[in-house]
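Reader: I would like a close look at one strand of this model and at what pairs with it, followed by the other parts that help to place it. Please keep the reasoning explicit where a cut-off matters.

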Amino acid sequence: MAPKWRELADRIAERIRREENGYTPGDRLPHIRDLVDAGEGSKSTVHQAYKALEVEGLVTSSRGHGTVVRERKPLKRIGIERYDKIKWRDGDEVAFIADRVASGRGFKRGDQTQTVELTEAPAVVAEAHGLQPGAPVYARARLVKEDGQPTHSLTSYYRPEHVEGTRLVDPTPGPAGRGGGYRVLYDAGYEIDHMKERIFARVATAEEAQLLQLPPGEPVVELHRTTWTADGTVVEFAIGVHAASRFAWEYEFDVPDSAKEAK
């Protein structure tokens, strides 16, 4: 038999997931004392139930705001089409803005802040760029927010000879000018041609949980992106850390037919 706090948590979770007559995103759950007065259990029981719901990502708790049902609809993290050249070469729709547009959500260019520094390449960065560990690279670290809440961080690493003197080493908040970073590389003679992305989920570090304002127990999705020019030159290696509940990855592509292509 489940403990009382678990039974209470399950009942509340069912109301959160219910389509009708349930709790909706932004609703504040009853105060602990109100549930105690209603006979739902002791103060400890209700507190444990609320903590379980927070760990499961269904609610957030904060001083002054109480326990609130979380937004359930994640941002679309679109795949291949977010890098369409018409967006950044011919327009001004950088990748994080493309996600917002695809999700029907608003955005401000200032939703992205950044720091830039010349640093020593970590092993994974050096390997991607074909450099020796510790070789100098520019690290352009961005934090992206939606309505003041962080959604993800992204750090791009560049060889100095590719970006020195460009807007990619300017720490001004927002994308690196019209079209963002890929447009800067394009204008410098490094037109991107193909890329590889690798994603995996893991437990957030304490620093990441604080930076992304994660509820207890929420994992992150880490992205590794390598970007090449047509001649095989790596012009960017990026590491992104995404709050798992705030994104849904979405890919649409033509299905390969290797047998047909071989004829």
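Author: What follows begins with strand S8 and then turns to salt bridges, a buried glutamine, a helix and the nonpolar cores. The model is predicted, and local features are discussed where pLDDT is at least 70.

Strand S8 covers residues 220-229, and because 10 of its 10 residues are buried, the strand is largely enclosed by the rest of the structure. The burial holds for both faces: on one side lie Val220, Glu222, His224, Thr226 and Trp228, and on the other lie Val221, Leu223, Arg225, Thr227 and Thr229, all of them buried.

The pairing of S8 involves two strands. Strand S7, residues 192-202, runs antiparallel to S8 and is joined to it by 10 bridges, and within this pairing Ile192 has Thr229 of S8 as its bridge partner. Strand S9, residues 234-243, also pairs with S8 in the antiparallel sense, over 9 bridges, and here the partner of Leu223 is Gly240 in S9. S8 and S9 form a hairpin with 4 residues between them, and in that turn Gly232 has a positive phi of about 90 degrees.

Before S8 comes a loop that links helix H9 (206-211) to the strand, and Gln213 lies in it. Gln213 has a positive phi of about 55 degrees although it is not a glycine. With a relative accessible area of 46%, Gln213 falls between the limits of 20% and 50%, and therefore counts as partly exposed.

Charged side chains come next. The structure holds 12 salt bridges. In helix H8, Arg183 and Asp187 form one of them, with their closest N and O atoms 2.9 Å apart; the two residues are 4 residues apart, about one turn of the helix. Arg183 is partly exposed at 21% relative accessibility, and Asp187, with a relative accessible area of 48%, is partly exposed as well. Elsewhere, Arg202, Glu208 and Glu222 are joined into one network by salt bridges that share partners, and of these Glu222 is among the buried residues of S8.

Another pair has its members in parts of the chain that are separated in sequence. The side chains of Glu191 and Lys85 meet in a salt bridge of 2.8 Å, N to O. Glu191 lies in the loop between helix H8 (180-187) and S7, while Lys85 belongs to helix H4 (residues 85-88), so the pair ties together parts that are 106 residues apart in sequence. Glu191, at 33% relative accessibility, is partly exposed, and so is Lys85 at 24%.

Helix H1 has its own salt bridge, in which the side chains of Arg6 and Asp10 meet at 2.9 Å, N to O. These two residues also lie 4 residues apart, about one turn of the helix. Since the limit for a buried residue is under 20%, Arg6 is buried at a relative accessible area of 19%, whereas Asp10 is partly exposed at 40%.

A buried polar residue is found in strand S4 (residues 112-120), namely Gln114, which has a relative accessible area of 8%. Its side chain makes a polar contact of 3.2 Å with the side chain of Arg140, and the side chain of Gln114 also reaches the backbone oxygen of Gly174 at 2.9 Å. Leaving aside neighbours within four places in sequence, the residues in contact with Gln114 include Ala141, Arg142, Asp170 and Pro171.

Helix H3 offers a check on geometry: at 1.5 Å a residue, its 13 residues (43-55) should span 18 Å, and its end C-alpha atoms are 18 Å apart, which agrees. The buried residues of H3 are Thr45, Val46, Ala49, Tyr50, Ala52, Leu53 and Glu54, and what covers them includes helices H1 and H2 and strands S1 and S2.

The nonpolar cores complete the picture. In the largest of them, which has 16 residues, Ile12, Ile16, Leu29, Tyr50 and Leu53 touch the most other members. H1 and H3 are the elements that give two or more residues to this core. Apart from this core lies another, of 12 residues, among them Trp88, Tyr182, Val184 and Val235. Leu29, one of the members of the largest core named above, is in contact with residues that include Ile12, Tyr23, Val59, Thr67 and Val69, leaving aside its neighbours within four places in sequence.

Key
Residues numbered from 1 in each chain as written. Predicted model: local features only at pLDDT ≥ 70, side-chain atom pairs only at ≥ 80, totals over all residues. Heavy atoms only, no water. Buried < 20%, exposed > 50% of the residue type's maximum accessible area, 1.4 Å probe, protein only. Polar contact = N/O pair within 3.5 Å; in protein donor to acceptor, adjacent residues only side chain to side chain. Contact = heavy atoms within 4.5 Å. Pairing = 2+ DSSP bridges. Expected span 1.5 Å × (residues − 1). Core = buried A, V, L, I, M, F, W, Y, C linked by side-chain atoms within 4.5 Å. Salt bridge = Lys/Arg side-chain N within 4 Å of Asp/Glu carboxyl O.
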